[in-house]
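Got your viewer open? Load the model, switch to cartoon, and keep the selection box handy.

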Amino acid sequence: MAATDRDYYELLGVPRDADEATIKKSFRRLARELHPDVSDHPEAEVRFREITEAYEVLSSSERRALYDRYGHAGLRSGGFSPTPFDMGNLGDLFASLFGDGLFGGSTSGSVRQRGADLGAEIEIELLEAARGITVPVPFEVAVTCTTCGGDGVAPGTQPRACPRCEGSGRLHQVSRSVFGEFVRAQPCPDCRGRGAIVDTPCEACEGAGRTVEKRTLDVEVPAGIHDGQRIRVSGEGHAGTLGGRAGDVYVHVNVKPDPRFVREGNDVYSQVDLTIVQAALGAEVEVETLDGTVRLELAAGVQPGEVRVLRGKGMPVLQGFGRGDHRVLVNVTVPRRLSEEQRRLLDEFEAASDEQTYRTDESFFEKLKSAFR
């Protein structure tokens, strides 16, 4: 669930048609002002989390389109939840959002980097989507090396300080203009931002500090999920370097079509077939629903195209309350092959019929509209 229901554009102080560069520039300015490391404002941490959440949504074309169309409710139904940033070093946070060097990063020590995200895909049945299910998802992930603890150095040895950056892990370049001095920091190319040179790398991970292992993640698919939605599992992706936060796992959910039902939003549609005799005399029929079979009574004279609504028998509302409806469309099957006796009986029925026999109080178009109410 979102941490704030305030308008994201208002939080960042940008118009609704702002481009990506404008959004990034505004967030960068506000983040420098509101981060708890540099701000004395009593609500700095709350406000910083709000603008971070706003940037996380508006910097993604997919999430921004969903927010523009459906607002916060659309984000919640789409499975969005804000990234749990810690209130650590300001430079490390900027590095995780924008990449190393954009804001200068930390001024000393090794550079921590957030681990990469992972993508996975699962396929479930419509009934499983209605009830919710836990699905085991196998994948390969980079984890911190247990031999060296993630520093890439062979046990019993020590790295030496990088002579080029003097152990800071970064090189700083100062440029001057009419607006003042600008300092741009970038990872040292000799030590790759570590601040140290490893002469004897760990054999288990070949100095990378991470190894690849196979894992199985039990992913909880919530009841009511829609086809094509993604589930984010925080912190289960690739391990970060030098103690950086692990990435996330994004699970794309495919919901298989069910030949018995058609889903529209949270409503479910199905069809029941009647003979002309059942339609004329009325019938009690069995209807399959997401909860099993129910008995449905249809009065005499039911017409093709009529809809019967089973309240609360549809799909659960994702991350909400209640359920949609199950709408049953009545179809009357007309016989194609008749015996001579059947033809004779139908001829007698037709001869005994008049306008009142076929009179209906609702036009075909009214019945058609009722199917979509």
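Here is a short tour, stop by stop.

**Before you start clicking**

This is a predicted model, so to speak of a local feature here takes pLDDT of at least 70, side-chain atom pairs count only at pLDDT 80 or more, and totals for chains, interfaces and linings use all residues. Residues are numbered from 1 along each chain as its sequence is written, and side-chain values use heavy atoms, with hydrogens and water left out.

**The whole protein**

Start zoomed out. You should be looking at 10 helices and 15 strands; these are DSSP runs (helices H or I, at least four residues; strands E, at least two), numbered from the N terminus. Of the 373 residues, 39% count as buried, where buried is under 20% relative accessible area, exposed is over 50% and partly exposed lies in between (1.4 Å probe, protein chains only). Of the contacts (heavy atoms within 4.5 Å) with a separation of 6 or more, 65% join residues 24 or more positions apart.

**Stop one: a helix pair**

Select 20–34 and 44–58, which gives you helices H2 and H3. Their axes come within 10 Å and cross at roughly 165 degrees; axes are lines fitted to C-alpha atoms, for helices over the stretch in contact, and angles run from 0 to 180 degrees between N-to-C directions. That makes H2 roughly antiparallel to H3, the label for angles over 145 degrees (under 35 is roughly parallel, 65 to 115 roughly perpendicular, the rest oblique).

Now show side chains. On the H2 side, pick Ile-23, Lys-24, Phe-27, Leu-30, Ala-31 and Leu-34. They meet Ala-44, Arg-47, Phe-48, Ile-51, Thr-52, Tyr-55 and Leu-58 in H3. What mix of residues makes up this contact of H2 with H3? There are 10 nonpolar, one polar and two charged, with Ala, Val, Leu, Ile, Met, Phe, Trp, Tyr, Cys and Pro counted as nonpolar, Asp, Glu, Lys and Arg as charged, and the others, Gly among them, as polar.

**Stop two: two loop glutamates**

Next, select Glu-166, in the loop between strand S3 (160–161) and S4. Glu-166 is exposed, at 71% relative accessible area, and has a positive phi of about 60 degrees although it is not a glycine. Most residues other than glycine have a negative phi. Then jump to Glu-206, in the loop between strand S6 (196–197) and strand S7 (210–221). Glu-206 has a positive phi of about 60 degrees too, and is exposed with a relative accessible area of 71%.

**Stop three: two histidines**

Is His-172 buried or exposed? Partly exposed, at 44%; you'll find His-172 in strand S4 (residues 170–177). Draw a distance from its C-alpha to that of Cys-188, 16 residues along the chain, and you should get 9.2 Å.

His-238 sits in the loop between strand S8 (230–233) and strand S9 (249–255) and is buried, at 18%. Show its neighbours: leaving out residues up to four places away in sequence, His-238 touches ten-odd spots to click through, including Gly-115, Asp-117, Glu-140, Arg-210 and Gly-247.

**Last stop: Asp-325**

Finish in the loop between strand S14 (307–310) and strand S15 (326–333), home of Asp-325. Asp-325 is buried, with 13% relative accessible area. Which side chain does Asp-325 join in a polar contact? The partner is Arg-311, at 2.8 Å; a polar contact is a pair of N or O atoms within 3.5 Å, where within protein one must be able to donate a hydrogen and the other to accept it, and residues adjacent in sequence count only if both atoms are side-chain atoms. Not counting residues up to four places away in sequence, Asp-325 also touches others, among them Asn-266, Asp-267, Val-309 and Lys-313.
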